[in-house]
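Student: I would like a close look at one part of this model, namely the nonpolar core and the helices and strands packed around it. Please take me through it step by step, with the reasoning where there is some to give.

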Amino acid sequence: MVICRDGTATRSRDRRVCDCRVSDTRATVIRFVRVSSNRHLGPIPATYSSRETCPEGCGLRGFCYAEGWPVRLHWDRVPDFAIPPADLCREIRQLPRYQLWRHCVTGDAELEWLPDLVRANAGRPVIFFTHHLVTDVLRDAAARGFNVNLSADNPTHADERASSGLPVATLIESSAPNVSYTPAGRKIVACPSDTKKLNCSRCGLCSRSDRGVIIGFRPKAHARARIEKAARGLPG
Ligand code: SF4
């Protein structure tokens, strides 16, 4: 399948040209799941973006948590279930008014059509992490109630990211206490899925821009040694 810049789907076989006449040969890259079976998330809607959406600058490229089982299984199959951006916007528009959902369990957001998604979301609580550099698109999304968590690889990186004023989430060492601080003194609270056995559907902290703390994630089983190094700011 190919899509047009306005998100209209068109099939490559019949070569139909849509109204905008701007065909884009890029494969569609996002899958939508109405009820996630991911234990960390709980039963909320979620999207999965394909690998090519990961920004070049991500320090965890190739070995992040999403490469671990069973998330990797879903990631590998994104192209099989991918939908055009316009269809995803329609799905999000139809969610209940206060429905919490997760954007990009795998991969990252495509900034070209993020503004469309932000409009479709209309302020619903969303959990979204990004390794993209801060741009006007991200700032505008945050200003419109689409919470943007900047992902950091370690607490020092978290300080750099936090200087933008947007909320931050960071890797922390396995041995980090439940409450710790960045080198610049910003408070880091370990994700309650570790400390209180809550899942995202019951916690929702990452959907809140007013939480005033950085969320810390400890390395899990997958590529633990490499991720631990990243969390310590050491080269992989
Ligand atoms: S802090 Fe809460 S919402 Fe964020 S990832 Fe952890 S459980 Fe989910």
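Tutor: What follows starts at the core, moves to two helices and a strand, and ends with the ligand shell and some backbone details. The model is a predicted one, and every value below is computed from it.

The largest nonpolar core has 46 residues, and the members that touch the most other members are Phe 128, Ala 141, Val 148 and Ala 169. Strand β7 gives the most to this core, with four residues. Leaving aside residues up to four places away in sequence, Phe 128 touches His 103, Cys 104, Ala 109, Asn 147, Val 148 and Asn 149. As a general background, nonpolar side chains tend to be buried together in soluble globular proteins.

Ala 141 leads on to helix α5, residues 136–143, where the buried residues are Leu 138, Ala 141 and Ala 142. These three are on the same side of α5, because they cover an arc of only 95 degrees around the axis. The spacing fits a general rule: an α-helix has 3.6 residues a turn, so residues three or four places apart point the same way. Asp 136 and Ala 143 are exposed and sit on the face of α5 turned away from its buried side, while the cover over the buried residues includes α4 (114–121) and β7 (126–130). Just after α5 comes Gly 145, with a positive phi of about 90 degrees.

Helix α9, residues 224–231, can be read in the same manner, with Ile 227, Ala 230 and Ala 231 as its buried residues. Seen down the axis of α9, they fall within an arc of 100 degrees, so they line one face of the helix. What covers them includes strand β9 (168–171), and the residue Gly 233, which follows α9, has a positive phi near 75 degrees.

From β9 the path continues to strand β12, residues 214–217, since β9 and β12 pair in the parallel sense over three bridges, with Thr 170 opposite Gly 216. Strand β11, residues 187–190, also runs parallel to β12 and is joined to it by three bridges; here Ile 188 has Ile 214 as its bridge partner. Both faces of β12 are covered, for Ile 214 and Gly 216 on one side and Ile 215 and Phe 217 on the other are all buried.

Ile 215 is also one of the residues around the ligand, a group that includes Ile 127, Pro 192, Leu 198 and Cys 203. The elements giving two or more residues to this shell are α7 (192–195) and α8 (200–203), and the shell divides into nine nonpolar residues, two polar and no charged.

Some backbone details remain, and they stand out against a general background in which most residues other than glycine have a negative phi, and most peptide bonds are trans. Cys 104, a contact of Phe 128, has a positive phi of about 65 degrees although it is not a glycine, and it lies in the loop between β6 (101–103) and α4. Cys 104 counts as buried because it has 21 C-beta neighbours inside 10 Å. Lys 197, in the loop between α7 and α8, also has a positive phi, near 55 degrees, but with 8 C-beta neighbours inside 10 Å it counts as exposed. Finally, a cis peptide bond with omega of about 5 degrees joins Trp 69 and Pro 70, and Pro 70 is placed in the loop between β5 (46–49) and α1 (71–76).

Key:
Residues numbered from 1 in each chain as written. Predicted model: local features only at pLDDT ≥ 70, side-chain atom pairs only at ≥ 80, totals over all residues. Near = placed C-beta within 6 Å. Nonpolar A, V, L, I, M, F, W, Y, C, P; charged D, E, K, R; others polar. Buried ≥ 20, exposed ≤ 12 C-beta atoms within 10 Å, placed from the backbone. Arc of directions from axis to C-beta. Contact = placed C-beta atoms within 7 Å. Core = buried A, V, L, I, M, F, W, Y, C linked by C-beta atoms within 7 Å. Pairing = 2+ DSSP bridges.
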